[in-house]
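Q: Hey, I've just opened this one and don't know my way around yet. Can you walk me through it?

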Amino acid sequence: MWYNNILETIGNTPLVKLNNITREIPATVLAKIETTNPGNSIKDRMAVKMIEDAEKSGKLKPGGTIIEGTSGNTGMGLAMAAIIKGYKCIFTTTDKQSKEKVDALRAFGAEVIVCPTNVEPEDPRSYYSVSSRLEREVPNSWKPNQYDNLANSQAHYEQTGPEIWAQTEGKITHLVVGVGTGGTISGTGKYLKERNPNIKVWGIDTYGSVFKKFKETGILDKNEIYPYITEGIGEDFLPKNVDFDIIDLFEKVTDKDAALMTRDIARKEGIFVGNSAGSAIAGLLQLKDQLKPEDVVVVIFHDHGSRYMGKMYNEDWLRERGFLKDEKLTARSIISKKESAEIVTIDCEKTLLEAINTMHSLNISQIPVTQKEMVVGKLVDGDILKALMENPSLKSAKVEEIMSASFPFVDLNTSIDRISALINKDNSAVLVETEAGKIEIITQYDIINAISA
């Protein structure tokens, strides 16, 4: 047997028991592995449903352009379907999203416009507003609007819910889902509650999002809104696909807990998943006291870990945000092992001869160059020698005429591995700004000294 096209392979994803990461949870915990969809995410389901509904209603016409604001996964599903069905795609996304997601959309031939995260939805620069403007401007275009298009929820009512019911033989007692557009939790939850009204539906939210407070108080509190790192869940408005009557409670999870749990799922269960899965399991662990041994919990694992290689699966990224602490040396610990000394710099307006005299008197081979006390470049003895060999009169020239690009700056939490990689034939040192605003320099000698100390 074969399939006629890739879209026919969407759905019927496996349900897998979790054994290690859920040891503290008294219930049976099953993960719905949506990464086996061809676009590696659950969004394939609703992307095709939205397109098919739009075709039936005449909103999407042959040769048309699909325009959508997406964090990446919905875009992947739409782009894949568009290739099979003969449409073009333009996507807007935010600068918070991982580079891997944007690159994946472009790999499918879509045009991707990256917009700022930290603006109101109504702001003309937001990815919502830009996609709406493009829909008005581009002829024969259609915007799915996954947030308010109820075909999103309907796809999960028709597919995800029945699959889970059949796979658990109706034994499911709890559904746990990270909530973004709301389509997955609302559609799946609606189907399951029609089969058994006692099933609990738990939504996982993030700090900086409005869902939890709105569910508990009915108030859309703008003071709850602030930027967050977690991808795929939470919102700063109320999408029509979020059915608060279906969702019994919301649990908030921090960016740090979500990121570290994402890694733990891969390391302890061998399942390579994205950030929302980490949020969902972290939230479930926070709620474990509400579960009993006879309960059967299904957690949706939305998407694949390959889209987060530069973030949740990157140790330097985690360290820079203070999420990861380990025994490896960092810029902070290397500096702490150095002898305390004031960093020597030279102003870019000084002459090359003055720089040579300074370096000679201090017996140093390199010196950061400043302008108005800001580091703007570097001067290295090799560059000086080369310049003077070519033109001896440059001794009276300004330092800025000879200097090269500045030593790279690193964060205090940057690992020794990353620092070592940055120190090469072009950069013999890196610079670090301390909490007190003081600039420190780290050389290869400092690294060797810290390791051997």
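A: Sure, let's go from the whole chain down to single residues.

Q: Where does the model come from, and how many helices and strands does the chain have?
A: It's a predicted model, and the chain has 16 helices and 16 strands. The C-alpha atoms fill a box of roughly 85 × 55 × 50 Å along the principal axes.

Q: How is the chain divided into domains?
A: Domain 1 covers 6-41 + 152-321, domain 2 covers 42-142, and domain 3 covers 331-452. The centres of domain 1 and domain 3, taken over C-alpha atoms, are 48 Å apart.

Q: What share of the residues is buried?
A: Of the 453 residues in the chain, 53% are buried. As for contacts with a separation of 6 or more, 68% of them link residues 24 or more positions apart.

Q: Let's zoom in on α3. Which of its residues are buried?
A: Helix α3 runs over residues 99-107, and its buried residues are Lys 101, Val 102, Ala 104 and Leu 105. Looking down the axis of α3, those buried residues fall within an arc of 160°, so they line one face of the helix.

Q: And which exposed residues are on the face turned away?
A: That face of α3 carries Lys 99 and Ala 107, both exposed.

Q: What covers the buried residues of α3?
A: The cover includes α2 (73-85), β4 (88-94) and β5 (111-115).

Q: What about just after α3?
A: There you'll find Gly 109, with a positive phi of about 85°.

Q: What leads into α3 from β4?
A: A loop lies between β4 and α3, and Asp 95 sits in it. Asp 95 touches Val 114, Cys 115, Pro 116 and Thr 117, leaving aside residues up to four places away in sequence. The C-alpha atoms of Asp 95 and Val 114 are 5.9 Å apart, although 19 residues separate the two along the chain.

Q: Which side chain does the Asp 95 side chain make a polar contact with?
A: That would be the side chain of Thr 117, at 2.5 Å.

Q: You mentioned α2 as part of the cover. Where is Thr 74, and is it buried or exposed?
A: Thr 74 is in helix α2. Its relative accessible area is 2%, so Thr 74 is buried.

Q: What does Thr 74 touch?
A: Not counting residues up to four places away in sequence, Thr 74 touches Lys 43, Met 46, Ala 47, Met 50 and Gln 146. With Gln 146 there is also a polar contact between the two side chains, at 2.6 Å.

Q: Where is Asn 145, right beside Gln 146 in the numbering?
A: Asn 145 is in the loop between β6 (141-142) and α5. Asn 145 has a positive phi of about 50° although it isn't a glycine.

Q: Why point that out?
A: Because most residues other than glycine have a negative phi.

Q: Is Asn 145 buried or exposed?
A: In between: Asn 145 has 25% relative accessibility, so it counts as partly exposed.

Q: Where else is there a positive phi in a residue other than glycine?
A: Lys 372 is one of them, with phi near 55°. Lys 372 lies in the loop between β12 (366-371) and β13 (374-380). With a relative accessible area of 77%, Lys 372 is exposed.

Q: Back to α5. How does it pack with α6?
A: Helix α5 (residues 151-158) and helix α6 (residues 160-167) pack at an angle of about 25°, and their axes are 3 Å apart. At that angle, α5 and α6 are roughly parallel to each other, because angles under 35 degrees count that way.

Q: Which residues meet there?
A: From α5 there are Ala 155, His 156, Tyr 157 and Glu 158, which meet Thr 160, Gly 161 and Pro 162 in α6.

Q: Last one: where is Asp 221?
A: Asp 221 is in the loop between α8 (211-217) and β9 (249-253). Its relative accessible area is 15%, and under 20% counts as buried, so Asp 221 is buried.

Q: What does Asp 221 touch?
A: Leaving out residues up to four places away in sequence, Asp 221 touches Val 210 and Lys 213. The side chains of Asp 221 and Lys 213 are also joined by a polar contact of 2.7 Å.

Key: Residues are numbered from 1 along each chain as its sequence is written. This is a predicted model: local features need pLDDT of at least 70, side-chain atom pairs count only at pLDDT 80 or more; totals for chains, interfaces and linings use all residues. Side-chain values use heavy atoms; hydrogens and water are left out. Buried means under 20% relative accessible area, exposed over 50%, partly exposed in between (1.4 Å probe, protein chains only). Helices (H or I, at least four residues) and strands (E, at least two) are DSSP runs, numbered from the N terminus. The arc is that of the directions from the helix axis to the C-beta atoms. Contact means heavy atoms within 4.5 Å. A polar contact is a pair of N or O atoms within 3.5 Å; within protein, one must be able to donate a hydrogen and the other to accept it, and residues adjacent in sequence count only if both atoms are side-chain atoms. Domain bounds come from an automatic or database domain assignment. Axes are lines fitted to C-alpha atoms, for helices over the stretch in contact, and angles run from 0 to 180 degrees between N-to-C directions. Angles under 35 degrees count as roughly parallel, over 145 as roughly antiparallel, 65 to 115 as roughly perpendicular and the rest as oblique.
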